[in-house]
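Trainee: I have a structure open and do not know where to start. Can you show me how to read its sheets and its ligand site?

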Amino acid sequence: MADQPDIILSVRQIEKIYNGRQVLDKVSFDVARGEIFVILGGSGCGKSTMLRIMAGGVKPTRGQVFFNNRDMSAVKGDELEKIRRCFGMSFQSAALLDFLNVEENVCLPIKEHTKLDPRIISIMAQTKLNLVGLGGFEKFMPSELSGGMRKRAGLARALAMDPQIVFYDEPTAGLDPVVCAVVDRLIVDLTRKLAITSIVVTHNMESVFRIADRVAMLYQGRLLQVGTAQEIKDSDNPIVQQFIRGDIEGPIQVS
Ligand SMILES: Nc1ncnc2c1ncn2[C@@H]1O[C@H](COP(=O)(O)OP(=O)(O)OP(=O)(O)O)[C@@H](O)[C@H]1O
Ligand SMILES: [Mg+2]
């Protein structure tokens, strides 16, 4: 069928149990190639766990993740590493190594995964730093950067290996509203310009409606709703509505 979406990542009946506690419960959804897919939900509902399972860094207790129709649980060792090279990770804390400068941080994954000449690696890193607007800051140490710049450097590192999918865990946490909007714009621009797929975990509602093509909302480890940003906005689910509005009163149980 011509208008069938091209699915890059498929999550099927994912369950995760930590120390006898069910953190994710039969979560299933598809991510289309080229879209910005947001995973939304309250603190501790399992968003980061879901992201790590999708990126192949954490094994689910049950269920499967298919990348380009390939079951990731069926591959191991080098094969899994090869698949994971198609993924870029942008962590909540930016996770830059403090003893390396910005360029060396971005070079790190390229050095790890290729045998390219250091001069080529340096050019590749500089290209990515230019893409995120950090051209000229190559020799800066992470401690010399602002929070927003650190996030952008982390993003450049996530893009280093020309990934098909970039996973972001709370890319705008701790940023002021303007810098937050800048990072959001960058995520949208990079996704479209590089024709990559972005999967973003956040609980910042403004960000969600700025960047999301589609949204999956998790609640207590279960998938509550998945749909376009507009469908989520118009949801008649009272939990979704309470979360979007940030109301104190409503069905959400806060412990
Ligand atoms: N490695 C682990 N070992 C044991 N329990 C874990 C582990 N990782 C996560 N959990 C538990 O799983 C639950 C979900 O955690 P997760 O980090 O996925 O939530 P989250 O939605 O990302 O929360 P936040 O919004 O606060 O980042 C939490 O109760 C957490 O304690
Ligand atoms: Mg988290």
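Mentor: We will go through the two sheets, the helix beside them and the ligand. Keep in mind that this is a predicted model.

Trainee: Let me start with sheets. What is the strand order of the open sheet of four strands?

Mentor: To read a sheet, list its strands in the order they sit side by side. Here that order is 2-1-4-5, and the pairing is antiparallel.

Trainee: Which strands are at the edges?

Mentor: An edge strand pairs on one side only. In this sheet the edges are strand 2 (21-32) and strand 5 (70-71).

Trainee: How many bridges join strand 1 and strand 2?

Mentor: Eight, with strand 1 (residues 7-18) and strand 2 in the antiparallel sense. Pick one bridge to see it on screen: Val-11 has Phe-29 in strand 2 as its partner.

Trainee: And where do the side chains in a strand point?

Mentor: In a regular strand they alternate between the two faces of the sheet.

Trainee: Now the open sheet of six strands. What are its order and pairing?

Mentor: The order is 6-7-8-3-9-10, and the pairing is mixed. Strand 6 (87-90) and strand 10 (222-228) are the edges. From one strand to the next, the twist averages 15°.

Trainee: Do show me a pair from it. In which sense do strand 3 and strand 9 run, parallel or antiparallel?

Mentor: Parallel: strand 3 (residues 36-40) and strand 9 (residues 214-219) are joined by four bridges. Find Val-38, which stands opposite Val-215 in strand 9. Then compare strand 9 with strand 10, which pair in the antiparallel sense over six bridges. There, Leu-218 has Leu-223 as its bridge partner.

Trainee: How many residues lie between the strands in that hairpin of strand 9 and strand 10?

Mentor: Two. Check the backbone angles too: Gln-220 in this hairpin takes a positive phi near 50°.

Trainee: Which strands does helix 1 lie across?

Mentor: Take one sheet at a time. Helix 1 lies across strand 1, strand 2 and strand 4 (62-67), at about 125° to strand 1. Helix 1 also lies across strand 3, strand 7 (165-169), strand 8 (197-202) and strand 9, at about 155° to strand 8.

Trainee: Last, the ligand. Which residues are around ligand 1?

Mentor: List the neighbours, then sort them. Among them are Tyr-18, Asn-19, Val-23, Lys-47, Ser-48 and Thr-49. By class, the shell has three nonpolar, seven polar and one charged residues.

Trainee: Which element gives the most to that shell?

Mentor: Helix 1 (residues 47-54), with three residues.

Notes: Residues are numbered from 1 along each chain as its sequence is written. Chains are lettered from A and ligands numbered from 1 in the order in which they are written. This is a predicted model: local features need pLDDT of at least 70, side-chain atom pairs count only at pLDDT 80 or more; totals for chains, interfaces and linings use all residues. A residue is near a molecule or strand if its C-beta atom, placed from the backbone, lies within 6 Å of it. Ala, Val, Leu, Ile, Met, Phe, Trp, Tyr, Cys and Pro count as nonpolar, Asp, Glu, Lys and Arg as charged, and the others, Gly among them, as polar. Two strands pair if DSSP finds at least two bridges between them. Two residues are in contact if their C-beta atoms, placed from the backbone, lie within 7 Å. Axes are lines fitted to C-alpha atoms, for helices over the stretch in contact, and angles run from 0 to 180 degrees between N-to-C directions.
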